[in-house]
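Trainee: Please take me closely through the internal space of this model. I want the linings, element by element, and whatever occupies them.

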Amino acid sequence: MELRERAYAKLNISLDVGEKRPDGYHEMNMVMQTVSLCDEVSVSTTEDGRISARCNLRFVPSDDRNLAVKAARVFLDAAGKAGQGLSLSLHKRIPVGAGMAGGSSDAAAVLRALNALYGAPFCTRELEKLAERVGSDVAFCVAGGTALATGRGELLKPLPELPGCKIVICKPEFSISTPELFRKLDSAPLRHHPDTAGILEALERGDLTAVCRRMYNVFEDVGDRRLRTVAEIKSRMLDFGALGSIMTGTGSAVFGIYTDAKAAQTASRALSRDYKFCWIAEPIGRVLSFEP
Ligand code: C5P
């Protein structure tokens, strides 16, 4: 029996970081958005008792360092099916090391696929609780849509959907390590914070322009030399008519939001002359229903 799931990428409409906690994680306050760029994940049962993973990218690990494998193990343990063999296949399009939750999204897709395969033993909220054990961004990726994520990123509040738009995503060649950027942030006091409350109000009103005007990611201000490239891509996104442009997560991908599809195409075409990884995406709503 084989099940296929799309694993959608996430973008940060805003990203704020608070205190470092005793457990080493940081308090987060982020508006997250699922977008149409996706990996394809398939899960099938096997008789060999092992969890194995295949991927179109050779450098992606196939053991427990791969969040999809970790998610499969967490699910089987919780469902009382430990020892069941599984074969996972990942076709990745979401760039690795981009701040787009590619690995987390694959893991969440595995949780959804296994839940469907075993006749839905867990509700959405329970799947999100399992996801927390796999990684900080995995819980959001279980249902996705537009949400406020707090705590270490696992406490989720669904928000009104982002109004329709075109999103140009551009990733420079280099990737940025998440723990490394958190360490830099610890040694550089933050000068600015996003107006998260203003973004929530703008989403309530369905005012895309007001959302975009307030988009901000504190990681852009940590003084890393590589972020000069990020700033350059942002400024080009804005020159081509983006309503707003920021880096997502800990980077290195940058996105710009456009209402005009032609402007988005022009921006993407121009940026792709200098940067190999450019896409045009759209916002995607929740993939699982909200259960209180
Ligand atoms: O939870 P996850 O394994 O995705 O986190 C990766 C790393 O990112 C952590 O080891 C930590 O260094 C950093 N992190 C953090 N605070 C968060 C989330 C992640 O410091 N809220």
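Mentor: Start with the largest cavity. Its lining has 16 residues, and Tyr 8, Thr 34, Arg 112, Cys 141 and Gly 144 are the ones nearest its centre. Bear in mind that this is a predicted model. β1, α2 and α4 (138-143) each give two or more residues to that lining. β1 contributes the most, with five. Tyr 8 falls within the span of β1 (2-20), and Arg 112 within that of α2 (102-117). Cys 141 falls within α4 (138-143). By class, the cavity lining has eight nonpolar, five polar and three charged residues. The space inside comes to about 90 Å³. The structure holds one cavity of 30 Å³ or more.

Now the open space. The largest pocket has a volume of about 1200 Å³. Its lining runs to 44 residues. Nearest the centre lie Leu 67, Ser 104, Asp 137, Thr 178 and Pro 179. Five elements supply at least two lining residues each: β1 (2-20), β2 (26-46), α1 (67-78), α2 (102-117) and α5 (178-186). Leu 67 sits at the start of α1 and Thr 178 at the start of α5. Ser 104 belongs to α2. The pocket lining splits into 20 nonpolar, 16 polar and eight charged residues. β1 and α2 appear in the lists for both the pocket and the cavity.

What fills the pocket? The ligand takes up the space of the largest pocket. Two elements give two or more residues to the shell around the ligand, β2 and α5. α5 gives the most, with three residues. The whole shell consists of Gly 24, Tyr 25, His 26, Met 28, Gly 135, Ser 136, Arg 152, Thr 178, Pro 179 and Phe 182. Thr 178, Pro 179 and Phe 182 fall in α5, and His 26 and Met 28 fall in β2. Thr 178 and Pro 179 are thus familiar: they are also among the residues nearest the pocket centre. By class, the shell has four nonpolar, five polar and one charged residues. Arg 152 is the charged one.

Next, the polar contacts. Ser 136 places a side-chain N or O atom 2.5 Å from an oxygen atom of the ligand. His 26 puts a polar side-chain atom 2.7 Å from a ligand oxygen. Arg 152 works through its backbone: an N or O atom there lies 3.1 Å from a nitrogen atom of the ligand. In terms of area, the ligand on its own has 460 Å² accessible, and the protein covers 70% of that.

Finish with two backbone details. Most residues other than glycine have a negative phi, and most peptide bonds are trans. Ala 101, not a glycine, has a positive phi of about 60°. Ala 101 lies in the loop between β4 (85-91) and α2, and α2 helps line both the pocket and the cavity. The second detail is the cis peptide bond from Gly 251 to Ser 252, with omega near 10°. Ser 252 is in the loop joining β9 (244-247) and β10 (254-258).

Technical notes: Residues are numbered from 1 along each chain as its sequence is written. This is a predicted model: local features need pLDDT of at least 70, side-chain atom pairs count only at pLDDT 80 or more; totals for chains, interfaces and linings use all residues. Side-chain values use heavy atoms; hydrogens and water are left out. On a 1 Å grid over the protein atoms alone, a cavity is a set of points where a 1.4 Å probe fits but cannot get out, and a pocket is an open set with protein on both sides within 12 Å along at least five of seven lines; lining residues have an atom within 4 Å of a point. Grid points are joined across faces, edges and corners, and a volume is the space filled by probe spheres set on the points. Helices (H or I, at least four residues) and strands (E, at least two) are DSSP runs, numbered from the N terminus. Ala, Val, Leu, Ile, Met, Phe, Trp, Tyr, Cys and Pro count as nonpolar, Asp, Glu, Lys and Arg as charged, and the others, Gly among them, as polar. A residue is near a molecule or strand if one of its heavy atoms lies within 4 Å of it. A polar contact is a pair of N or O atoms within 3.5 Å; within protein, one must be able to donate a hydrogen and the other to accept it, and residues adjacent in sequence count only if both atoms are side-chain atoms. Accessible areas come from the Shrake-Rupley method with a 1.4 Å probe; for residues, only the protein chains shown count as cover. A molecule sits in a cavity or pocket if more than half of its atoms lie within 2 Å of its grid points.
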